[in-house]
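Q: I am new to this structure and would like a close look at a single part of it, the cysteines. Please take me through them slowly, and then through whatever else helps to place them.

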Amino acid sequence: FIQMLRSAKKRDVLQLLRRAPEEMRPFLVEAAVATQSVASLAALSDFLDFGKESKSLLEKFLYTAAFSPRPSGELLHLVLDKLDGKQLAPEIWETGIIAVGSLVGKLCQQKLCGLQVVERGVETILRGLRGAEEEPEVVVYLLALGNAMLPETIPALLDHAEGGPTAVTAAATSALQRFPAPLISSKVKRVMRRIFHQKRKSYDKTCRLAAAEILLDNHPSPMDVINILLATSEMETEMATFLLLKIQNSLRHHHHHLAKKIMKDIMGDPRINNYNFFSKVGISSSFSGPLTVTQDLTSTFGLDLLFLEGGFLRKSVSDFSLLSHGQRLRAAQVTFEAQGLESMMGENLSEGEEEPELMAGMSATFFDVQLRPVVFFQGYTDLMAKVLLSSGEPTSVVKGNLLLMDHHQVIPLQSGLQVTVRLQGGLGLDISADMDVSIWEQELKTGVNARGSLAMDFQAELDSPFLQATLRSQTEVETSIHFDTKLRFSSSPVLMCLQLREEQVPYR
């Protein structure tokens with residue numbers, strides 16, 4: 001369909017979009033965005049009215065743009081124009097800003113940072129961040145900076161990480177976690193140390209742990225590892241358990257021998273490697289391990305579960321990553337967070353800790369693009385309404401078709417002939433997530449369902465006056481993964497069931 005659209009005129013694409021039945025429009029919009037021809041982008045510009053069009057179609061357009069493997073400056077231009085100076089529904093505005101961040105980052109990866117439209121995109125995010133007054137607004141701009149991953153935005157992220165309220169600190173540190181190791185400078189590490197050791201003010205557990213992870217994952221110094229280990233002796237059991245497992249895990253699996261050597265040296269010191277440190281018996285856990293390993297590619301599954309002292313789940317992160325030749329791609333990362341539940345159950349807060357607002361939500365990252373966070377409930381009244389009116393339907397996180405690869409090359413042969421090579425890869429995704437809190441049964445259930453199908457089309461053509469040859473191959477893979485957790489708080493210790501189901505993968 002994309003190949004067909006490439007040669008279509010603006011008039012034809014526009015007619016197609018306008019005349020298509022309602023249920024076909026999302027597919028046509030995805031294809032037009034993936035085509036990225038001048039005609040298809042001009043047709044989209046005329047067709048998409050951000051004031052009238054359905055929210056789901058606009059969101060589909062913005063996410064498809066955000067996931068483009070090699071976006072053009074014109075695509076970013078179109079997104080910025082559609083967002084500019086209009087009164088938009090909050091979720092469309094949020095998705096739009098996050099998409100701008102992703103497009104800016106991908107254009108810079110293509111060495112197109114100098115384009116005027118890229119500078120306009122960066123300025124849109126930074127100006128919005130400076131002028132944002134509401135906390136949720138600030139968070140969205142920080143997530144957009146995380147998608148862009150530009151070195152010049154690190155100072156802004158550090159300011160918000162150290163000085164902001166909990167939600168802002170959490171968003172800024174999670175954005176910094178996405179930056180590659182060479183950009184995590186000594187200045188970044190100094191700020192992370194101050195957050196972790198609470199030098200200037202007290203921080204939420206999750207923010208301190210994120211700061212510790214940044215220090216541990218980016219060529220840690222022996223002193224950092226020692227200080228983090230020493231700090232665990234003064235922490236609550238759950239946080240200490242989680243951190244100790246994280247240290248053992250990250251230093252066991254990291255390929256750079258630097259960390260392994262440091263760990264070996266530190267573990268040789270009986271003041272640290274002793275029962276007093278490593279005997280914390282909380283229920284929090286951190287695990288990561290390989291799903292498949294080949295010569296060129298390793299895919300890993302990681303699961304982090306952070307509990308509160310009373311046994312409530314504070315945060316769970318399930319992560320599917322691909323590692324190849326020193327590069328890491330977060331294929332899928334889904335985070336569930338619940339806060340404020342402990343005070344509702346009559347539990348005491350730790351000393352100096354603010355009472356958090358009752359809230360549960362989820363955020364997800366796919367193919368290194370952070371999506372708009374989803375809030376399941378905020379506040380007691382909202383929770384009660386959701387519990388009483390729960391439809392039992394999972395929340396859709398992302399659904400649609402993405403063009404992952406689009407490669408076209410002409411190769412001259414020694415004989416003087418030339419071969420034309422085309423490779424296209426498309427991905428169909430349907431990911432939904434669900435969180436169910438039962439106050440009466442004291443149970444918490446979370447579920448992530450991910451279905452995907454990948455289609456690859458390869459064609460090589462040799463065309464000359466006396467000889468024609470074509471080689472073509474098509475590959476299709478379908479897979480689905482279901483990951484469920486169920487926690488029961490009514491008894492002590494907390495009962496917990498985790499289930500990861502992978503359906504058989506048909507490969508054609």
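A: A good place to begin is C207, which has a relative accessible area of 1% and is therefore buried, since buried means under 20%. The model is a predicted one, and the values that follow are computed from it.

At the other cysteines the picture varies. C497 has 43% relative accessibility and so counts as partly exposed. C108, at 14% relative accessibility, counts as buried, while C113 is partly exposed because its relative accessible area is 33%, which lies between the limits of 20% and 50%. C108 and C113 belong together, because a disulfide joins C108 to C113, with an S to S distance of 1.9 Å, which is within the 2.5 Å that defines such a pair. The link of C108 and C113 is right-handed, with 85° about the S-S bond, and a search of the whole structure finds one disulfide. In general terms, a disulfide is a covalent bond between the sulfur atoms of two cysteines.

To place these residues, it helps to turn to the record: UniProt, in an unreviewed entry, places the feature "domain: Vitellogenin" at residues 1–237. Over residues 1–237 the chain is 71% helix and 0% strand, and the C-alpha atoms at the two ends are 56 Å apart.

Aromatic rings give a further view of how parts of the chain meet, and a search of the whole structure finds six aromatic pairs. In one of them, the ring centres of F1 and F27 are 5.6 Å apart and the planes stand at 55°, so the pair is tilted. This pair links distant parts of the chain, for F1 is in the segment before α1 (2–6) and F27 is in helix α3 (residues 25–35), 26 residues apart. Both rings are partly exposed, F1 with a relative accessible area of 40% and F27 with 34%.

Another pair is formed by W93 and Y141, whose ring centres are 5.4 Å apart with planes at 80°, so the pair is edge-to-face. Because W93 lies in helix α7 (residues 90–109) and Y141 in helix α9 (residues 135–148), the pair ties together parts that are 48 residues apart in sequence. Y141, at 8% relative accessibility, counts as buried.

Two further contacts complete this view. Ring pairs link F301, F320 and F483 into a cluster, and R208 lies over the face of F196, at 5.2 Å from the ring centre.

How values were computed
Residues numbered from 1 in each chain as written. Predicted model: local features only at pLDDT ≥ 70, side-chain atom pairs only at ≥ 80, totals over all residues. Heavy atoms only, no water. Buried < 20%, exposed > 50% of the residue type's maximum accessible area, 1.4 Å probe, protein only. UniProt positions renumbered as here; feature names shortened; annotations may be inferred. Helix = DSSP H or I, 4+ residues; strand = E, 2+ residues; numbered from the N terminus. Phe/Tyr/Trp six-rings, centres within 6.5 Å; stacked < 30°, edge-to-face > 60°. Lys NZ or Arg CZ within 6 Å of the ring centre and 35° of its normal.
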